[in-house]
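Trainee: I should like to learn how to read a protein structure feature by feature. May we work through one together?

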Amino acid sequence: MKPGIISGLPMAEYLAMEAVSASLLKTIITRCQKAAWYESWMNPESASETSAAMDAGTIAHGILLEGSEAGIEVIDPNDHPAEKTGAIPVGWTNKSIKAARDAARQAGKIPVLLDDYGDIKDMVSMAWEFIGSLRGTEPAIWQAFQPEGGESEVTAIWEDGGTLCRIRPDRISTDRKLIVDYKTGGTSAEPDLWGRTQMIKMGYYTSAAFYLRGVKALCGVVPAYVWLVQEQDPPFLCSLVGLDPHGAALGARKIEAGLNAWRACMASGKWPAYPARVCYPEIPAWEDAAWDAREEQDVGKEYDIAKIWEKPTGDEK
């Protein structure tokens, strides 16, 4: 496929492309080259991961970003009573409803329980309400979600040092100066907490740096990058988290290292795994500090340290 920006490319075709993605580079950086090969198109046995939270996020993406409910199979538990007792299943808990779920998967659809689907639609409604509230505080983000202000799920392909790369921004402004990445999940959307537990821990800032690299290569601009974060539990609260210059720079360094490792593996045909030797992870400073504080609290006390972790017998007074 030729480099450029493509609108309307089906997700299945995007995922099947023989091009490097942000997720492959993150796997190289955080795990090893062999793990990235296993997740890539070169492995005929690679499989996509699914979960209820991931399915809910995919459905919400389709409704919010593309206005589409296609590819969804809504399953009503009332249509699948237990064979012997007639009990209505709670979740995917009997043969009939499991069979319906599996049939939906085989047909290429995402199965979702009726009540859960209602929650997802409520979640999307709250996301639109939040976006509407941004007109005065964050007009560029609000404008990007207007019909003429941006595009959803476009595919961008470019050559990077001879390596074909791909990205698929959730929402990108018409002038290409802003990317909005919609993230949903069971974690809190409180900006500072989400930044620590998701943006940093999950390496989202590294993925963002790859997206900035791609847009710059194709459009000649470096866009701002913002996550629209939403909780999957009522009241479906939303927040905005931005990528700061430090995160962008660190992410860019990691992406460069990941691409170099990928190119080396493609040239040699060798995909190293973890080291075949004993490794000695360093104890971080905060672990020492925590125990130092514990020792200071216990100054002057006499006790058998082995008893610290003993379970109480119930006889202590």
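Mentor: The following turns go from the overall build to single residues. Please keep in mind that this is a predicted model.

Trainee: How many helices and strands are there in the protein?

Mentor: The protein has 11 helices and 10 strands. Its C-alpha trace spans about 70 × 60 × 50 Å along the principal axes.

Trainee: What share of the residues in the protein is buried?

Mentor: A residue counts as buried when its relative accessible area is under 20%. Of the 317 residues here, 38% are buried. The accessible surface comes to about 18,900 Å², and carbon and sulfur atoms contribute 54% of that area.

Trainee: What part of the contacts joins residues 24 or more positions apart?

Mentor: Among contacts with a separation of 6 or more, such pairs account for 66%.

Trainee: How does one read a helix, and which residues of helix H2 are buried?

Mentor: In an α-helix there are 3.6 residues a turn, so residues three or four places apart point the same way. Helix H2 covers residues 22–30, and its buried residues are Ala-22, Leu-24, Leu-25, Lys-26, Thr-27 and Ile-28. Their cover includes helix H3 (33–39), helix H9 (204–219) and helix H10 (245–268).

Trainee: Where on the surface does negative charge gather, and which residues form the patch?

Mentor: Asp-115, Asp-116, Asp-119, Asp-122 and Asp-233 make up a patch of negative charge on the surface. Asp-119 belongs to helix H6, residues 114–132. Asp-119 is called partly exposed because its relative accessible area is 36%. For the protein overall, there are 32 positive and 45 negative charges, and their mean positions are 6 Å apart.

Trainee: Is Pro-44 buried or exposed?

Mentor: Exposed means a relative accessible area over 50%. Pro-44 has a relative accessibility of 76%, so Pro-44 counts as exposed. Pro-44 is placed in the loop between H3 and helix H4 (52–66).

Trainee: What should I look for in the backbone of the loop that holds Pro-235?

Mentor: Begin with the peptide bond. The bond from Pro-234 to Pro-235 is cis, with omega near 5 degrees, and Pro-235 is in the loop between strand S9 (224–231) and strand S10 (238–242). Then turn to phi. Phe-236, also in the loop between S9 and S10, has a positive phi of about 60 degrees although it is not a glycine. At 6% relative accessibility, Phe-236 is buried.

Trainee: In which loop does Arg-176 lie?

Mentor: Arg-176 lies between strand S7 (171–173) and strand S8 (178–185). Its phi is positive, near 65 degrees. Arg-176 has 14% relative accessibility and therefore counts as buried.

Technical notes
Residues are numbered from 1 along each chain as its sequence is written. This is a predicted model: local features need pLDDT of at least 70, side-chain atom pairs count only at pLDDT 80 or more; totals for chains, interfaces and linings use all residues. Side-chain values use heavy atoms; hydrogens and water are left out. Helices (H or I, at least four residues) and strands (E, at least two) are DSSP runs, numbered from the N terminus. Buried means under 20% relative accessible area, exposed over 50%, partly exposed in between (1.4 Å probe, protein chains only). Contact means heavy atoms within 4.5 Å. Accessible areas come from the Shrake-Rupley method with a 1.4 Å probe; for residues, only the protein chains shown count as cover. Lys and Arg count as positive and Asp and Glu as negative; His and the chain ends are not counted. The place of a charge is taken as NZ of Lys, CZ of Arg, CG of Asp or CD of Glu. Patches are made of residues with over 30% relative accessible area and no salt bridge: like charges are joined within 9 Å, nonpolar side chains (Val, Leu, Ile, Met, Phe, Trp, Tyr) within 5 Å. A salt bridge is a side-chain nitrogen of Lys or Arg within 4 Å of a carboxyl oxygen of Asp or Glu.
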